[in-house]
Protein chains: 2
Amino acid sequence: MTEPTPRQDLLTVHVPLDAGRAYDILIGRGLIDTAGAAVAALGGRRAAIVTDATVGALYAARLRTSLERAGLQAGVVTVAPGEASKSYAGFAEVCDGLLALKVERGDLVVALGGGVVGDLAGFAAATLRRGVRFVQVPTSLLAQVDSSVGGKTGINAPLGKNLIGAFHQPRLVLADTAALDTLSEREMRAGYAEVAKYGLIADPGFFDWCEANWRGIFSGGPEREQAVASCCRAKAAVVTRDEREDGERALLNLGHTFGHALERLTGYDSARLVHGEGVAIGMALAFRFSARLGLCGGQDAGRVANHLALAGLPTRLQAVPGGCGTVESILDAMTQDKKVRDGALTFILARGIGQSFIAPGIDRAAVAAFLEDELASHRDL
Amino acid sequence: MTEPTPRQDLLTVHVPLDAGRAYDILIGRGLIDTAGAAVAALGGRRAAIVTDATVGALYAARLRTSLERAGLQAGVVTVAPGEASKSYAGFAEVCDGLLALKVERGDLVVALGGGVVGDLAGFAAATLRRGVRFVQVPTSLLAQVDSSVGGKTGINAPLGKNLIGAFHQPRLVLADTAALDTLSEREMRAGYAEVAKYGLIADPGFFDWCEANWRGIFSGGPEREQAVASCCRAKAAVVTRDEREDGERALLNLGHTFGHALERLTGYDSARLVHGEGVAIGMALAFRFSARLGLCGGQDAGRVANHLALAGLPTRLQAVPGGCGTVESILDAMTQDKKVRDGALTFILARGIGQSFIAPGIDRAAVAAFLEDELASHRDL
Ligand SMILES: NC(=O)c1ccc[n+]([C@@H]2O[C@H](COP(=O)([O-])OP(=O)(O)OC[C@H]3O[C@@H](n4cnc5c(N)ncnc54)[C@H](O)[C@@H]3O)[C@@H](O)[C@H]2O)c1
Ligand SMILES: NC(=O)c1ccc[n+]([C@@H]2O[C@H](COP(=O)([O-])OP(=O)(O)OC[C@H]3O[C@@H](n4cnc5c(N)ncnc54)[C@H](O)[C@@H]3O)[C@@H](O)[C@H]2O)c1
Ligand SMILES: [Zn+2]
Ligand SMILES: [Zn+2]
């Protein structure tokens with residue numbers, strides 16, 4: 001058997017963390033089939049793949065072959081696809097699966113899948129035998145541009161998303177952009193919400209670029225690798241400066257305070273709402289709320305919503321299938337969020353496109369009034 | 001209400017870890033009633049007590065009163081007593097309980113109980129919102145001399161003990177030696193196995209002292225605080241030099257490779273075997289195995305077994321109620337242990353009392369033959 005030749009146009013983003021924890025993100029088409037050499041170079045005897053049934057059926061055998069060809073003992077743990085696997089039960093399932101594969105301290109866990117698999121497998125790796133190394137092979141756009149980078153791992157609790165977890169950096173991230181060819185349109189769009197997010201947070205030029213080039217990301221042109229690399233560079237820079245989210249890393253939560261509340265209110269049912277859709281609505285809300293507070297112009301808020309809508313994303317509370325309840329229920333769902341400190345609400349707001357900032361101590365009544373009007377605008381449509 | 005006066009003879013052991021993680025262990029009678037001031041000094045608004053039903057009924061109200069008097073909002077999460085709570089389900093229960101108490105990132109988790117509660121609450125604290133601070137208030141002898149110090153936290157998996165967990169150091173340890181007055185004789189003896197362990201590992205003088213003074217530890221004389229302080233000093237020194245068990249910290253596992261296997265084989269059923277009893281048998285086995293390998297004298301092995309037996313502890317496989325199966329089943333149970341690297345067995349063996357060392361690569365057949373003879377000696381009894 002001959003090893004497939006990697007494409008020449010591989011992009012690399014370096015994450016320069018200290019204490020021996022620096023790592024590379026490789027971005028390019030076909031990386032799943034050439035993963036073995038890169039993973040084997042990390043050392044270790046065994047590599048246990050964690051994946052979900054959908055991604056596993058498409059790519060696990062190819063990844064496994066590549067790992068075994070590189071001399072690693074490989075095994076696979078498969079969970080059900082969907083957010084529901086990011087639970088206490090999913091955690092137990094993955095840990096027990098890894099133990100059954102006899103994963104020891106020097107071995108590697110390889111997360112093959114979207115953000116759900118990455119977060120879940122990463123948390124299992126963080127805690128299995130009090131910590132084994134892991135590699136991210138993100139296969140959704142969201143995972144390639146966001147969740148696979150930065151070392152946040154975890155699961156959901158009944159009382160809220162991502163409330164249990166650990167900081168555990170991967171040793172390597174392999175973003176095979178060809179894997180996105182099999183991703184559904186809907187998941188592609190959801191991931192695209194996070195791409196646009198980087199422009200909205202701190203890079204107006206990147207948002208301009210997105211407005212001009214977003215179709216190439218979807219269709220699999222070279223814009224795809226460029227976008228993934230830009231996002232990873234942006235995320236890597238933030239994570240390096242603020243690994244544990246004591247400060248600016250919170251900016252990455254633009255749109256997420258609202259978004260997480262909507263996910264909670266729809267019971268994490270991806271038939272109704274997926275993470276990126278919640279984030280899209282959340283970002284549109286954050287800009288409209290910023291405009292209402294006089295922080296940014298109404299035309300900025302309009303431009304954000306228009307672009308997200310053009311890419312096929314929802315931008316209004318009313319777009320949530322089955323509805324998202326009353327203002328009170330949204331506020332309640334938000335105050336279970338991690339970004340609540342001593343009862344006060346913290347939002348990411350914006351002074352314009354690419355000018356987001358952390359706004360702590362936002363008045364609950366002001367949020368309530370804003371949401372009231374947002375829901376009322378529904379009745380006029 | 002007046003604050004009870006702490007006894008003057010409070011002993012303090014300092015654990016000098018770096019990066020702001022140094023902490024104190026306070027040892028003395030009555031510390032539960034004066035805990036509030038020490039805990040409040042760490043900062044934070046809320047202190048959530050995690051305990052088990054037995055310890056909670058005895059001490060939770062007193063601890064809570066002390067915390068509230070010091071201005072902290074306090075709540076209690078109670079699990080069932082016993083090793084079975086150190087499970088995935090127990091972990092979910094404690095995390096959900098802490099979330100229901102609205103524990104936020106700046107708040108504190110206070111583990112009130114034996115090693116089970118300490119390991120479980122510590123792991124929940126390590127992962128809740130990706131890490132909140134915690135305080136250990138150990139109430140069993142084992143927890144005071146061993147599990148509450150050093151930051152190892154975790155739960156058991158069906159495939160083995162302590163296979164899931166995190167390193168998460170407490171911010172403070174309050175060892176109220178008066179709490180041991182309500183501990184059962186059996187648990188007292190089990191904890192005493194870990195006390196004797198420190199002598200056997202590296203301190204022959206302390207083992208001499210134990211032989212002369214063990215009764216004072218049990219009866220609550222000043223020997224009790226002295227022993228707890230000596231053990232904490234020994235453990236703190238090892239942990240400071242090797243926090244993550246890359247080396248010498250493994251010495252603390254003297255007797256534990258055998259011991260854990262016995263716990264597994266008895267289904268973690270404390271009616272049959274508690275941790276310290278497994279350790280006592282394991283230490284006696286480790287010394288007899290060392291003698292058999294010609295590493296130490298048979299009289300050392302005899303002296304160890306005699307002293308443990310005098311203190312009421314089991315020292316033979318046959319002492320396990322209901323039996324512990326065949327040699328093969330013991331070996332299988334041992335090879336699921338964390339101390340297995342690349343399939344080879346690692347033991348802590350001894351060249352004499354206080355001269356233990358890490359012995360990797362021990363031949364499985366040699367262990368099998370030794371266990372065979374140990375089990376055979378049963379039939380002669
Ligand atoms: N750790 C972080 O920093 C971070 C950041 C953002 C989001 N997240 C988390 O990420 C999760 C969402 O990630 P996601 O959107 O990737 O969800 P996901 O992992 O559920 O993937 C979405 C769906 O796409 C399928 N899929 C994935 N890759 C595929 C492919 N190549 N071909 C065909 N189908 C494929 C999956 O099976 C799944 O059904 C959330 O749980 C969120 O909390 C984490
Ligand atoms: N983290 C570590 O470094 C470390 C080290 C050694 C052992 N351990 C763990 O510790 C656990 C064993 O600890 P343990 O022996 O304390 O078990 P435990 O916590 O189950 O306590 C033993 C029993 O004594 C009761 N009890 C505790 N304090 C009492 C008191 N003051 N009065 C009356 N009853 C009281 C408890 O309710 C329980 O029934 C095991 O799970 C072991 O793996 C951890
Ligand atoms: Zn997101
Ligand atoms: Zn022990």
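Tutor: A nonpolar core is a set of buried Ala, Val, Leu, Ile, Met, Phe, Trp, Tyr and Cys residues joined through side-chain atoms within 4.5 Å. Keep in mind that this is a predicted model.

Student: Which residues touch the most other members of the largest nonpolar core?

Tutor: The largest nonpolar core holds 58 residues. Both chains appear among its best-connected members. They are A:Phe91, A:Leu98, A:Ile164, B:Phe91, B:Leu98 and B:Ile164.

Student: Which residues of chain A does B:Ile164 touch, leaving out residues up to four places away in sequence?

Tutor: Start with its own chain. There B:Ile164 touches B:Tyr88, B:Phe123, B:Thr153, B:Gly154, B:Ile155 and B:Ala157. Across in chain A, B:Ile164 touches A:Phe91, A:Cys95, A:Leu99, A:Thr127, A:Leu128 and A:Arg129.

Student: Turn to the metals. Which residues are the protein donors of the zinc ion (ligand 4)?

Tutor: The donor atoms lie 2.0 to 2.1 Å from the ion. In sequence, the donor residues follow the spacing E-x61-H-x18-H. The donors are B:Glu194 through OE, B:His256 through NE2 and B:His275 through NE2.

Student: How many residues apart are B:Glu194 and B:His275?

Tutor: B:Glu194 sits in helix α6 (residues 185-202) of chain B. B:His275 sits in helix α10 (residues 275-292) of chain B. The pair links distant parts of the chain, and the two are apart by 81 residues.

Student: Are B:Glu194 and B:His275 buried or exposed?

Tutor: The cut-off for buried is under 20% relative accessible area, and for exposed over 50%. Both B:Glu194 and B:His275 fall in one class: buried.

Student: What spacing do the donor residues of the zinc ion (ligand 3) have in sequence?

Tutor: The protein donors here are A:Glu194 (OE), A:His256 (NE2) and A:His275 (NE2). They lie 2.0 to 2.1 Å from the ion. Their spacing is E-x61-H-x18-H.

Student: Which helix of chain A holds A:His256?

Tutor: A:Glu194 belongs to helix α6 (residues 185-202) of chain A. A:His256 lies 62 residues apart from A:Glu194, so the pair links distant parts of the chain. The helix of A:His256 is α9 (residues 256-265).

Student: Why does A:His256 count as buried?

Tutor: Buried means under 20% relative accessible area. A:Glu194 counts as buried because its relative accessibility is 0%. A:His256 is buried because its relative accessible area is 4%.

Student: Now ligand 2. How much of its accessible area does the protein cover?

Tutor: Take the polar contacts. Polar side-chain atoms of B:Asp119 and B:Thr182 lie 2.9 Å and 2.7 Å from a nitrogen atom of ligand 2. One of B:Lys235 lies 3.4 Å from an oxygen atom of ligand 2. Of the 850 Å² that ligand 2 has on its own, the protein covers 90%.

Student: Which element gives the most to the shell around ligand 2?

Tutor: In chain B, α2 (53-69), α4 (115-127), α5 (141-147) and β8 (160-167) each supply at least two residues. The top contribution is four residues, and it comes from α2(B).

Student: Which residues are the closest to ligand 1?

Tutor: Ligand 1 is surrounded by 26 residues. The closest are A:Asp52, A:Gly115, A:Thr139, A:Ser140 and A:Thr182.

Student: How far is a polar side-chain atom of A:Lys161 from an oxygen atom of ligand 1?

Tutor: A:Thr139 places a polar side-chain atom 2.8 Å from a nitrogen atom of ligand 1. For A:Asn162, the distance to an oxygen atom is 3.5 Å. For A:Lys161, the distance to an oxygen atom is 2.9 Å.

Technical notes:
Residues are numbered from 1 along each chain as its sequence is written. Chains are lettered from A and ligands numbered from 1 in the order in which they are written. This is a predicted model: local features need pLDDT of at least 70, side-chain atom pairs count only at pLDDT 80 or more; totals for chains, interfaces and linings use all residues. Side-chain values use heavy atoms; hydrogens and water are left out. Buried means under 20% relative accessible area, exposed over 50%, partly exposed in between (1.4 Å probe, protein chains only). Contact means heavy atoms within 4.5 Å. Donors are N, O and S atoms within 2.8 Å of the metal (3.2 Å for Na, K and Ca); water is not among the atoms, so sites may look incomplete. A polar contact is a pair of N or O atoms within 3.5 Å; within protein, one must be able to donate a hydrogen and the other to accept it, and residues adjacent in sequence count only if both atoms are side-chain atoms. Accessible areas come from the Shrake-Rupley method with a 1.4 Å probe; for residues, only the protein chains shown count as cover. A residue is near a molecule or strand if one of its heavy atoms lies within 4 Å of it.
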